[in-house]
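Please take a moment to look over the sequence and the model before reading on. The paragraphs below are meant to be read with both of them in view.

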Amino acid sequence: MLNADSASAAFFYCARSTAEPARARPVEVLCALLRQLCTSNPDQPVKNPVAREYEARKKKAEEDCSTIKRLTVEDCTRLIVELTKDHPATIILDALDECDEGTRPELLEAFDSIISKSANVVKIFVSSRDDIDIVSTFCHISS
């Protein structure tokens with residue numbers, strides 16, 4: 001069992017649906033995972049790397065009289081790596097094959113980067129059909 005003080009967990013279910021197109025976009029997947037990893041429960045504050053990122057983006061938006069810039073795949077990846085520096089994490093992704101085929105490589109590259117750059121253990125459990133890009137990526141990562 002995961003100890004809330006030492007380990008984090010996040011879950012996302014991908015879906016290719018016109019009703020919820022965001023569920024098939026890598027940036028939305030990573031933002032949802034990051035959101036879950038940045039706090040253990042709703043009563044606790046957001047962890048420092050994410051809080052600092054928000055404050056910096058908020059300050060920049062105020063200076064520019066603009067809106068706060070949305071996180072990119074790269075931003076989310078970097079922040080997840082930062083969050084896992086001190087604590088292990090488990091990421092569960094259901095139906096990876098439902099992620100948009102054109103942008104799915106971004107998500108696969110992000111997972112590869114998270115696994116290779118994290119200073120702590122990060123376990124990523126994925127369910128998917130055997131799409132060739134997914135199979136070849138995970139064969140590469142595990143070798």
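The text that follows goes from the sheet to the helices, then to the core, the empty spaces and a few single residues.

What you see is a predicted model, and a good place to begin is its sheet, which is open, has 3 strands in the order β1-β2-β3, and is built with parallel pairing. Strands β1, residues 8-13, and β3, residues 122-126, stand at the edges and have a single partner strand each, so one side of each is left without a neighbour in the sheet. From one strand to the next, the twist averages 10°.

The pairing can be followed strand by strand. Between β1 and β2 there are 6 bridges in the parallel sense, and along this pair Ser8 stands opposite Ala89 in β2, while Ala10 stands opposite Ile91 in β2. Strand β2, which covers residues 89-94, also pairs with β3 in the parallel sense, here over 5 bridges, and Ile91 stands opposite Ile124 in β3. Ile91 is therefore a useful residue to find in the model, for it stands opposite Ala10 on one strand and Ile124 on another.

Two helices that pack on this sheet come next. Helix α1, residues 26-37, packs on the sheet by touching β1 and β2, and its direction makes about 150° with that of β1. Helix α4, residues 104-117, packs on the sheet as well, but it touches β2 and β3, and its direction makes about 150° with that of β3.

With the sheet and these helices in mind, we can turn to the nonpolar core. The largest such core has 32 residues, and those with the most contacts inside it are Leu30, Leu33, Leu93, Leu107 and Phe111. Elements that each supply at least two residues of this core are β1, α1, α3 (residues 73-83), β2, α4 and β3, and α1 gives the most to it, with 8 residues. Which residues does Leu33 touch, if those up to four places away in sequence are not counted? They are Ala10, Phe11, Phe12, Ile91, Ile92 and Phe111.

How much of a strand or a helix is covered can be looked at element by element. In β1 there is a covered face, made of Ser8, Ala10 and Phe12, and an uncovered one, made of Ala9, Phe11 and Tyr13. Helix α3 is mostly covered, as 8 of its 11 residues are buried, and these are Val73, Asp75, Cys76, Thr77, Leu79, Ile80, Val81 and Leu83. The cover over the buried residues of α3 includes α1, α2 and α4.

The structure also has empty space in it. Rolling a probe the size of a water molecule over the atoms shows where such space is left. In the largest pocket lies about 400 Å³ of space, and of the 16 residues that line this pocket, Leu34, Arg35, Val50, Tyr54 and Leu71 are the closest to its centre. Helices α1 and α2, the latter being residues 48-64, each supply at least two residues of the lining, and the largest share, 5 residues, comes from α2. A search of the whole structure also finds 1 cavity of 30 Å³ or more. About 40 Å³ of space lies in the largest cavity, and its lining is formed by Ser8, Leu37, Lys47, Leu83, Thr84, His87, Pro88 and Ala89.

Finally, a few single residues deserve a look. Lys60 is found in helix α2, and because its relative accessibility is 49%, it counts as partly exposed. In sequence Lys60 and Glu101 are 41 residues apart, and in space they are 34 Å apart, C-alpha to C-alpha.

Most residues other than glycine have a negative phi. Cys65, however, has a phi near 55°, a positive value in a residue other than glycine, and its place is in the loop between α2 and α3. Ala95 likewise has a positive phi, of about 65°, although it is not a glycine, and it is found in the loop between β2 and α4. Are these residues buried or exposed? Cys65 counts as exposed because its relative accessibility is 75%, whereas Ala95, with a relative accessible area of 8%, is buried.

Methods:
Residues are numbered from 1 along each chain as its sequence is written. This is a predicted model: local features need pLDDT of at least 70, side-chain atom pairs count only at pLDDT 80 or more; totals for chains, interfaces and linings use all residues. Side-chain values use heavy atoms; hydrogens and water are left out. Two strands pair if DSSP finds at least two bridges between them. Helices (H or I, at least four residues) and strands (E, at least two) are DSSP runs, numbered from the N terminus. Axes are lines fitted to C-alpha atoms, for helices over the stretch in contact, and angles run from 0 to 180 degrees between N-to-C directions. Contact means heavy atoms within 4.5 Å. A nonpolar core is a set of buried Ala, Val, Leu, Ile, Met, Phe, Trp, Tyr and Cys residues joined through side-chain atoms within 4.5 Å. Buried means under 20% relative accessible area, exposed over 50%, partly exposed in between (1.4 Å probe, protein chains only). On a 1 Å grid over the protein atoms alone, a cavity is a set of points where a 1.4 Å probe fits but cannot get out, and a pocket is an open set with protein on both sides within 12 Å along at least five of seven lines; lining residues have an atom within 4 Å of a point. Grid points are joined across faces, edges and corners, and a volume is the space filled by probe spheres set on the points.
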